[in-house]
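This report addresses salt bridges, a nonpolar surface patch and the packing of two helices. The sequence and structure are shown first.

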Amino acid sequence: MLIEENIQALEQLATLLQRTPEAIYQRLLCNQLTQSLGKHVRHILEHYQTLLEALAYSDKQKAFDYEQRQREAALENNPNYALARVRTLQAELQTCSSVPHDTLLTLQYPVEEIASTKPSLAVTSLPLTSSLGRELAFLTSHSIHHMALLRLLCEQLNIALPSDIGIHPSTQRFWEKQRTAS
């Protein structure tokens, strides 16, 4: 079920990519010109890639860190390239459907060391035991969160999207229960 939720989240992203011209995909937005559709898409895709790479090495308990991603510029500049990556990630997720959700992984979580006398810029990495299921649940929420932001940006850019993009599966289930109860 978690695999399917993530494949569906990526399918929503694919819909957005198919409807977005390259110039609009790259356009810097917001007051400080730091956001773009492409930057959010890259961010989402690289999180999936990070987890899948860690899972490939899980027999060696390879630790992974979402902050130490590759940050591949082509993903934020070329919607067709990003769409191809979505399809690859969906296929890789599908191959993981036989991997138990309790498969152990180690997330390296960067935290700043705070000295009692003055703030420090030193960062240390805290190893956290996690599992495939926990990380898949995180990726669903993380992706939907960014797609909700993407939806708002698309509305400003007059890009029409289906009504379910940026809506978490738990919200969709809640709405469905409400509809069937009335």
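## The salt bridge between arginine 69 and glutamate 46

In this predicted model, arginine 69 and glutamate 46 form a salt bridge whose closest N and O atoms are 3.4 Å apart. Glutamate 46 belongs to helix H3, whereas arginine 69 is located in the loop between strand E1 (63–64) and helix H4 (73–77), so the pair ties together parts that are 23 residues apart in sequence. Arginine 69 and glutamate 46 are both buried, that is, each has under 20% relative accessible area.

## Glutamate 46 and its wider network

Glutamate 46 also meets the side chain of arginine 42 in a salt bridge, with an N to O distance of 3.0 Å. Both of these residues lie in helix H3 (residues 37–56); because they are four residues apart there, about one helical turn separates them. Arginine 42, like glutamate 46, is buried.

These contacts form part of a network of salt bridges that links Lys39, Arg42, Glu46, Arg69 and Glu76. The count for the model comes to nine salt bridges.

## A salt bridge within helix H6

Another salt bridge joins glutamate 155 to arginine 151, with the closest N and O atoms 3.8 Å apart; this distance satisfies the criterion of a side-chain nitrogen within 4 Å of a carboxyl oxygen. Both residues are part of helix H6 (residues 132–156), where they are four residues apart, about one turn of the helix.

Is glutamate 155 buried or partly exposed? Its relative accessible area is 49%, so glutamate 155 is classed as partly exposed; the class of exposed residues begins over 50%.

## A nonpolar patch on the surface

Tyr109, Leu126 and Leu128 make up a nonpolar surface patch, and their accessible area together is about 270 Å². One of these residues, leucine 126, is located in strand E3 (residues 119–131). Leucine 126 has a relative accessible area of 41% and is therefore partly exposed. This value meets the requirement for patch residues, which is over 30% relative accessible area.

## Packing of helices H1 and H3

The packing of two helices is described by the angle between their axes and the distance between the axes. For helix H1 (residues 2–18) and H3, the angle is about 150° and the axes are 12 Å apart.

Angles over 145 degrees count as roughly antiparallel, and H1 and H3 are therefore roughly antiparallel to each other. The crossing in which H1 passes H3 is left-handed.

Conventions:
Residues are numbered from 1 along each chain as its sequence is written. This is a predicted model: local features need pLDDT of at least 70, side-chain atom pairs count only at pLDDT 80 or more; totals for chains, interfaces and linings use all residues. Side-chain values use heavy atoms; hydrogens and water are left out. Helices (H or I, at least four residues) and strands (E, at least two) are DSSP runs, numbered from the N terminus. Buried means under 20% relative accessible area, exposed over 50%, partly exposed in between (1.4 Å probe, protein chains only). Patches are made of residues with over 30% relative accessible area and no salt bridge: like charges are joined within 9 Å, nonpolar side chains (Val, Leu, Ile, Met, Phe, Trp, Tyr) within 5 Å. Accessible areas come from the Shrake-Rupley method with a 1.4 Å probe; for residues, only the protein chains shown count as cover. Axes are lines fitted to C-alpha atoms, for helices over the stretch in contact, and angles run from 0 to 180 degrees between N-to-C directions. Angles under 35 degrees count as roughly parallel, over 145 as roughly antiparallel, 65 to 115 as roughly perpendicular and the rest as oblique. A crossing is left-handed if the near helix is turned anticlockwise from the far one by less than a right angle, and right-handed if clockwise.
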